[in-house]
Amino acid sequence: MRGNFSTLSAELQQLKQQNLYRSRRLVDTPQGVHSQVDGVLKLNFCSNDYLGLANHPEVVRAFQAAASQWGVGSGSAHLVCGHTREHHALEEELADFTGRDRALLFSTGYMANTGIIAALVGRGDTVLEDRLNHASLLDGGLLSGARFRRYAHADSAHLQRTLLAGQGRQLIVTDGVFSMDGDCAPLSSLVIAAKAHDAWLMVDDAHGFGVLGATGAGVVECAGLSQQDVPVLVGTLGKAFGTSGAFVAGSELLIETLIQKARPYIYTTAMPAAIAAATRVSLRLLIAENWRRDKLAQLVQQFRQGATQLGLQLMPSLSPIQPIVVGSSQQALWMSEQLLQRGFLVSAIRPPTVPQGSARLRITFSAAHDASQVTQLLAALQQIQ
Ligand SMILES: *Cc1c(COP(=O)(O)O)cnc(C)c1O
């Protein structure tokens, strides 16, 4: 019957039975190593605040000072009257940082990805995506109206075979560091495949920026790839940058095209200028404070050694994302609950975020952790094995 919500309740009931129901925990503290969750203090091992910048005093001060200068709301979209000098300066600094001609801000990474893909390809074109890409990239591909093809994870040979069949424009899309697995895309071979078939390559390095590369410029810095190699480079600001929003970096032609055509850019209010100002400070810290990357790498190494000794099955990840795949959603939830009781906040990641049968604990590290906290986590993992 129209207006009757009972079909929804059956659906929710089914999610509960499948251990796929999701609920939110109430947090009373800023991002940091210690989080008060549902009233109790826990050691946090699930935040994407990899460098510990989300509550850094200088970033917070910059935000407050800019709010005094610019107010809170930006009033309109960038194309109307919301594009302040603060946004513009951040775009120029992000272009410098990535070694690209220009950068363009978006309000969120989800919007950047859906907007960019649909602006670049449409009916008659083909979009080719790694099957483990972030949901925003997969949704962007589906929404674009282009022919949608997925290739096997990190499998550039499979991609090559799929490219042969393409017509029209071809856009290859991949995570830089895979968000739920922590491994890196095989970028050098993706670049070769793209060039061989005259395809464009788009890399979303939400989890590599700040963490990988000598100056924190992510997987393209690690692999030494230029704007010609990776013409569409996306980063998000809500992870290692510790603020909020996203950007795309590339050629003049790319950025002007997106300003004209990317609907989630055109039809949304600009991020607050104070967020842009805070991000300028976090960008400066992220580049200058190499010790944060070094410390993160040490913590990751300590964890991997300890976990291997415990016989835990790790993924081939050198990033701060260190998943432990357990298989069933029920088991992942149980382990997460056991860790919570022992004082550790670690999230259980279940389908459809990851493929069926690959539910996991997604453990993440931050430069704000110390070695003794990693030791405590390992001890708790040993207890619940
Ligand atoms: C988090 C994430 C996004 C979404 O970014 P938001 O700014 O949170 O919307 C996009 N891509 C990847 C790979 C991500 O991990």
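A residue counts as partly exposed when its relative accessible area lies between the buried class, under 20%, and the exposed class, over 50%. Leu12 has a relative accessible area of 39%, so Leu12 is partly exposed. The model discussed here is predicted. Leu12 sits in helix H1, which covers residues 6–17. Together with Leu15 and Tyr21, Leu12 makes a nonpolar surface patch of about 230 Å².

From the surface patch we turn to the open space. The largest pocket has a volume of about 870 Å³. Its lining consists of 29 residues, and those closest to the pocket centre are Ser23, Arg25, Cys46, Ser347 and Ala348. At least two lining residues come from each of strand S1 (34–37), helix H14 (329–341) and strand S12 (347–349). Sorted by class, the lining of this pocket has 10 nonpolar, 12 polar and 7 charged residues.

Enclosed space is the next topic. The model has 2 cavities of 30 Å³ or more. A volume of about 100 Å³ belongs to the largest cavity. Among the residues that line the largest cavity are Gln31, Gly32, Val33, Asn44 and Asp49, as well as Thr364, Phe365, Ser366 and His369. The lining of the largest cavity divides into 3 nonpolar, 8 polar and 1 charged residues.

The second largest cavity holds about 30 Å³ of space. Its lining is made by His78, Leu105, Phe106, Ser107, Pro264, Tyr265 and Thr268. Two elements, strand S3 (102–106) and helix H11 (263–266), give two or more residues to this lining. By class, the second largest cavity is lined by 4 nonpolar, 3 polar and no charged residues.

Charged contacts come next. Side chains of opposite charge can pair when their charged atoms come close. The model contains 8 salt bridges. In one of them, Arg102 pairs with Glu252, with 3.0 Å between the closest N and O atoms. This pair links distant parts of the chain, since Arg102 is in strand S3 and Glu252 in helix H10, 150 residues apart. Glu252 has a relative accessible area of 41%, and is therefore partly exposed.

Helix H10, residues 252–261, also contains Ile255. Is Ile255 buried or exposed? Ile255 counts as buried because its relative accessibility is 0%. The C-alpha atoms of Ile255 and Asp101 are 9.1 Å apart, although 154 residues separate the two along the chain.

A further salt bridge joins the side chains of Arg360 and Asp181, at 3.2 Å from N to O. Arg360 belongs to strand S13 (residues 359–364), whereas Asp181 lies in the loop between strand S6 (170–175) and helix H8 (187–196), and the pair links parts of the chain 179 residues apart. Both Arg360 and Asp181 are buried.

Asp229 and Lys195 also meet through their side chains in a salt bridge, with an N to O distance of 2.5 Å. Asp229 is in the loop between helix H9 (218–223) and strand S8 (232–236), and Lys195 is in helix H8, so this salt bridge ties together parts 34 residues apart in sequence. The two partners fall into separate exposure classes: Asp229 is buried at 15% relative accessible area, whereas Lys195 is exposed at 51%. Finally, Glu86, Glu93 and Arg280 are linked in a network of salt bridges.

Definitions and conventions: Residues numbered from 1 in each chain as written. Predicted model: local features only at pLDDT ≥ 70, side-chain atom pairs only at ≥ 80, totals over all residues. Heavy atoms only, no water. 1 Å grid on protein atoms, 1.4 Å probe; cavity = no way out; pocket = protein on both sides within 12 Å on 5 of 7 lines; lining within 4 Å. Points joined across faces, edges and corners; volume = space filled by probe spheres on them. Nonpolar A, V, L, I, M, F, W, Y, C, P; charged D, E, K, R; others polar. Helix = DSSP H or I, 4+ residues; strand = E, 2+ residues; numbered from the N terminus. Patch = residues over 30% accessible without salt bridge, like charges linked within 9 Å, V, L, I, M, F, W, Y side chains within 5 Å. Areas by Shrake-Rupley, 256 points an atom, 1.4 Å probe, with all protein chains shown as cover. Salt bridge = Lys/Arg side-chain N within 4 Å of Asp/Glu carboxyl O. Buried < 20%, exposed > 50% of the residue type's maximum accessible area, 1.4 Å probe, protein only.
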